[in-house]
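Got your viewer open and a selection box ready? Let's take a walk through this one, stop by stop.

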Amino acid sequence: NGVTCLGFSSGARYLSAGHGNGRILIWDLKTGTVIKEFHLVDNAEAEEANPDKGQSKTLYSNPIVSLVFSPSDSYIAVTLEMKSVVRDEQPSKTSCVYLFSVVSQRLVGKFHTRGSGTIRHIKFSPLKRSWLAAVNDDGDVYVWDINIKPPSIRRVSPAAAGDTPNSTSSTILSLFHFMKSPATGLSFYTANSSHILIVASTDGSIYFIDLNIKKVVRHLEINKAITSVDVISNSMLLTTDQGKIMVYSSIESLMNTTNHGAKENQESSNSATLSVTLWLGHSSPITA
């Protein structure tokens with residue numbers, strides 16, 4: 001029942017913590033107090049099953065794998081470990097992202113994948129604020145618009161403009177199925193007019209997906225299993241299962257370099273096309 005994942009709000013005042021028993025705590029870092037505490041309850045299904053009592057029927061006790069605030073901090077997107085069993089239900093055949101209102105603590109959306117692989121990482125686009133990307137153990141990459149909500153979720157709490165779910169049919173904006181290994185991380189790069197989704201996998205592959213044209217525009221490889229990827233300004237940070245942290249100083253240069261430029265033997269700042277800082281200091285895999 002320990003903490004399994006963490007997520008900061010957009011202003012970094014609030015910290016959400018997912019636990020192994022399906023519980024979420026939201027901390028106010030200014031006061032050091034818990035302001036929200038709830039389990040993942042599917043209220044829509046509960047109301048349909050027992051509308052008179054209005055009691056919760058389905059309690060998700062699966063470990064929470066990942067969570068993230070929406071850009072307006074009105075919602076939290078959550079994924080669960082698929083190896084566990086949902087209490088009082090048969091195991092789900094497909095994994096999905098659960099979208100919860102922070103204010104009402106109600107489930108307001110489910111975004112299903114087409115496979116059963118656990119969704120390990122989710123992230124909202126800073127450019128298209130209602131776009132939510134996810135990667136899973138099947139090696140698939142999904143992009144949804146939370147403004148397009150599954151019809152089974154009937155009630156939605158008011159939220160800030162820009163990422164408020166509506167009542168239309170559920171649609172996957174983009175689905176990419178090209179990786180042969182589990183996806184282990186994703187991040188957005190949105191400099192200038194670019195809207196790039198960077199995805200990493202356990203086989204050391206790094207994919208740059210242009211969401212404007214829905215195509216992979218770059219594929220690079222390193223000689224290590226990648227465990228996470230993040231973007232800080234124009235730099236890309238990778239972590240590996242060997243405890244290494246690799247910082248590429250220029251994503252633009254990385255996208256324009258040859259595949260050889262990303263190989264392990266170029267992990268130094270003397271590369272003509274690529275500047276890489278390599279940090280050593282962990283003897284075990286870095287997972288986030």
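Here is a tour of a predicted model, with something to select at each stop.

**Stop 1: the largest pocket**

Start with the largest pocket, which has a volume of about 1,400 Å³. Which residues should you select to land at its centre? Pick Leu6, His121, Ile122, Lys123 and Asp230, which lie nearest the centre among the 42 residues of the lining.

Now show the strands around that spot. Strands S1 (3-8), S6 (64-69), S10 (119-124), S14 (183-189), S18 (226-232) and S19 (235-240) each give the lining at least two residues. Colour the lining by residue type and you should count 23 nonpolar, 15 polar and four charged residues.

**Stop 2: a bridge between S10 and S18**

Keep Lys123 and Asp230 on screen. These two form a salt bridge, and their closest N and O atoms are 3.5 Å apart. Lys123 sits in strand S10 and Asp230 in strand S18, so the bridge ties together parts that are 107 residues apart in sequence.

Are the two partners buried or exposed? Something in between: Lys123 is partly exposed, with a relative accessible area of 23%, and Asp230 is partly exposed too, at 32%. Both of these residues, remember, are among those nearest the centre of the pocket.

**Stop 3: a small salt-bridge network**

Stay on strand S10 and select Arg120, then add Glu81. Their salt bridge brings the closest N and O atoms to 3.0 Å. The pair links distant parts of the chain: Glu81 is in the loop between strand S7 (75-80) and strand S8 (96-101), Arg120 is in strand S10, and 39 residues separate them.

Compare how the two ends are covered. Glu81 is buried because its relative accessible area is 13%, under the 20% cut-off. Arg120 comes out at 24%, so it counts as partly exposed.

Now add Asp137 to the selection: Glu81, Arg120 and Asp137 are linked in a network of salt bridges. The count for the whole model comes to five salt bridges.

**Stop 4: Arg13 and Asp28**

Another of those bridges is next. Select Arg13 and Asp28, whose closest N and O atoms are 2.9 Å apart. This pair also links distant parts of the chain: Arg13 belongs to the loop between S1 and strand S2 (14-19), while Asp28 is in strand S3, 15 residues apart from it. With 35% relative accessibility, Arg13 is partly exposed, whereas Asp28 is buried at 6%.

**Stop 5: a nonpolar patch on the surface**

Turn on the surface and select Phe8, Trp27, Leu29 and Val34. What do they form? They make a nonpolar patch on the surface, with about 360 Å² of accessible area together. Zoom in on Leu29, in the loop between strand S3 (23-28) and strand S4 (33-41). Leu29 has 44% relative accessibility, so it counts as partly exposed.

**Stop 6: two positive phi values**

Time for the backbone. Most residues other than glycine have a negative phi. Where does the model depart from that? Select Ala12, which is not a glycine but has a positive phi of about 65°. Ala12 lies in the loop between S1 and S2, and it is partly exposed at 43% relative accessibility.

Then jump to Asp73, in the loop between S6 and S7. Asp73 isn't a glycine either, and its phi is also positive, at about 65°. At 22% relative accessibility, Asp73 is partly exposed.

**Stop 7: two buried residues and their partners in space**

Finish with two C-alpha distances. Select Ala77 in strand S7; it is buried, with 0% relative accessibility. Draw a line from its C-alpha to that of Gly109: the two are 9.1 Å apart in space and 32 residues apart in sequence.

Last, go to Met179, in the loop between strand S13 (172-177) and S14. Met179 is buried, with a relative accessible area of 5%. How far is Met179 from Asp138, C-alpha to C-alpha? The distance is 8.2 Å, with their positions 41 residues apart in sequence.

Definitions and conventions: Residues numbered from 1 in each chain as written. Predicted model: local features only at pLDDT ≥ 70, side-chain atom pairs only at ≥ 80, totals over all residues. Heavy atoms only, no water. 1 Å grid on protein atoms, 1.4 Å probe; cavity = no way out; pocket = protein on both sides within 12 Å on 5 of 7 lines; lining within 4 Å. Points joined across faces, edges and corners; volume = space filled by probe spheres on them. Helix = DSSP H or I, 4+ residues; strand = E, 2+ residues; numbered from the N terminus. Nonpolar A, V, L, I, M, F, W, Y, C, P; charged D, E, K, R; others polar. Patch = residues over 30% accessible without salt bridge, like charges linked within 9 Å, V, L, I, M, F, W, Y side chains within 5 Å. Areas by Shrake-Rupley, 256 points an atom, 1.4 Å probe, with all protein chains shown as cover. Salt bridge = Lys/Arg side-chain N within 4 Å of Asp/Glu carboxyl O. Buried < 20%, exposed > 50% of the residue type's maximum accessible area, 1.4 Å probe, protein only.
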